[in-house]
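Biologist: I would like to learn how to read a fold from its strands and helices. Could you walk me through one?

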Amino acid sequence: MDELDTSMTMDNFKAKTLEEISNKSKRFPIVDGPFGTQLKSSEYTTEGVALVRVTNLSFEGRFLTDDLVYVSEEKARVLSRSEITTGDVIVAKTGATIGKCGLFPYERGLVASSCIKISIDLEMGDPKFVLYRIASPEGQRKILDAAGGSTRTTINITQFSRISFEFPSRDEQARIAAVLNLIDEAIAKTEAVIAKLKQVRAGLLHDLLTRGLDEQQEMRLADVADIWF
């Protein structure tokens, strides 16, 4: 078989900036969160409008809900500039967490001051494909290269908007994202199994070290006194 001509396989990939693929129908297609003085932790609530912080993002591109906080509807209206909707890509913009990212899964929310979001033009880009681009080693390098700040690495809206990636057609983006999503789901299931096995191991380790094995290589039964007292 003839050697694959890689130059031909990339013909359908076109370079586009994040600004070019952003949803221009929105007033703020790429935007960061409010200044810290505009939203204090004392204003967080247990229900209302979701507030996405760096703790909800990961370098693998997973959106984490365990530590999600909320703000009131009234506060959300005041901070409407930083509003996000389903499918928006959220990226941590500063410090050691820069580059952490996730896809917003809820109908409505806000990004915190430590984050930046991009709403994707769905005719040009697949949000999951964009997320995978940003989470990839190439994407992480581009974010760091674009970031500024002498004492603390930070990327602003302008720098973020100018980052460019190679994009295939919209349909191909969706197909690629679907394959990568299947892999991620398999990894998540494997991690769940590993976590369960670790729990089993911990219990077995305790039993073996405290009870031992009999001559038939079976675990000795617990003493009645151990059970009831």
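Modeller: Happy to; we will take the sheet, then two helices and a loop, and bear in mind that this is a predicted model.

Biologist: Let's begin with the sheet. In what order do the four strands lie, and what is the pairing?

Modeller: The general idea is that strands of a sheet pair through backbone hydrogen bonds, either parallel or antiparallel. Here the sheet is open, its four strands run in the order 4-3-8-5, and the pairing is mixed. Strand 4 (69-71) and strand 5 (83-85) are the edge strands, each pairing on one side only. From one strand to the next, the twist averages 45 degrees.

Biologist: Which way does strand 3 run relative to strand 4, and which way relative to strand 8?

Modeller: Strand 3 and strand 4 are antiparallel, with three bridges between them; Leu-51 has Val-69 in strand 4 as its bridge partner. With strand 8, strand 3 runs parallel, again over three bridges, and Val-52 stands opposite Val-111 in strand 8. On to the next pair: strand 5 and strand 8 (residues 108-111) run antiparallel and are joined by three bridges, with Gly-109 in strand 8 as the bridge partner of Ile-84.

Biologist: Where do the side chains of strand 3 point, and are they buried or exposed?

Modeller: In strand 3 (residues 49-52), Val-49 and Leu-51 point one way, while Ala-50 and Val-52 point the other way. All of them are buried.

Biologist: Now the helices. How far apart should the ends of helix 6 be, and what does the model give?

Modeller: Helix 6 (residues 170-211) has 42 residues, so at 1.5 Å a residue it should span 62 Å. Its end C-alpha atoms are 61 Å apart, which agrees. After helix 6 comes Gly-212, with a positive phi near 80 degrees.

Biologist: Which residues of helix 6 are buried, and what covers them?

Modeller: Glu-172, Gln-173 and Ala-177 are buried in helix 6. The cover of the buried residues in helix 6 includes helix 3 (127-135) and strand 10 (164-167).

Biologist: How do helix 3 and helix 6 cross, and which residues meet there?

Modeller: A useful idea first: an α-helix has 3.6 residues a turn, so residues three or four places apart point the same way. In this model, the axes of helix 3 and helix 6 come within 8 Å and cross at roughly 65 degrees, and the crossing is left-handed. From helix 3, Lys-128, Phe-129 and Tyr-132 meet Gln-173, Ile-176, Ala-177, Leu-180, Asn-181 and Asp-184 of helix 6. The residues of this contact comprise five nonpolar, two polar and two charged.

Biologist: Why is helix 3 described as largely enclosed?

Modeller: Burial means under 20% relative accessible area. Eight of the nine residues of helix 3 are buried, so helix 3 is largely enclosed by the rest of the structure. Among those buried residues are Val-130, Leu-131, Arg-133 and Ile-134. Their cover includes strand 6 (89-92), strand 7 (101-103), helix 4 (137-146), helix 5 (157-161), strand 10 and helix 6.

Biologist: Finally, a loop residue. Where is Ala-96 found, and is Ala-96 buried or exposed?

Modeller: Ala-96 lies in the loop between strand 6 and strand 7. With a relative accessible area of 76%, Ala-96 is exposed, since the cut-off for exposed is over 50%. The C-alpha atoms of Ala-96 and Arg-152 are separated by 8.7 Å, though these residues are 56 residues apart along the chain.

Key: Residues numbered from 1 in each chain as written. Predicted model: local features only at pLDDT ≥ 70, side-chain atom pairs only at ≥ 80, totals over all residues. Heavy atoms only, no water. Helix = DSSP H or I, 4+ residues; strand = E, 2+ residues; numbered from the N terminus. Expected span 1.5 Å × (residues − 1). Buried < 20%, exposed > 50% of the residue type's maximum accessible area, 1.4 Å probe, protein only. Contact = heavy atoms within 4.5 Å. Pairing = 2+ DSSP bridges. Axes fitted to C-alpha atoms, helices over the stretch in contact; angles between N-to-C directions. Left-handed = near helix turned anticlockwise from the far one by under 90°. Nonpolar A, V, L, I, M, F, W, Y, C, P; charged D, E, K, R; others polar.
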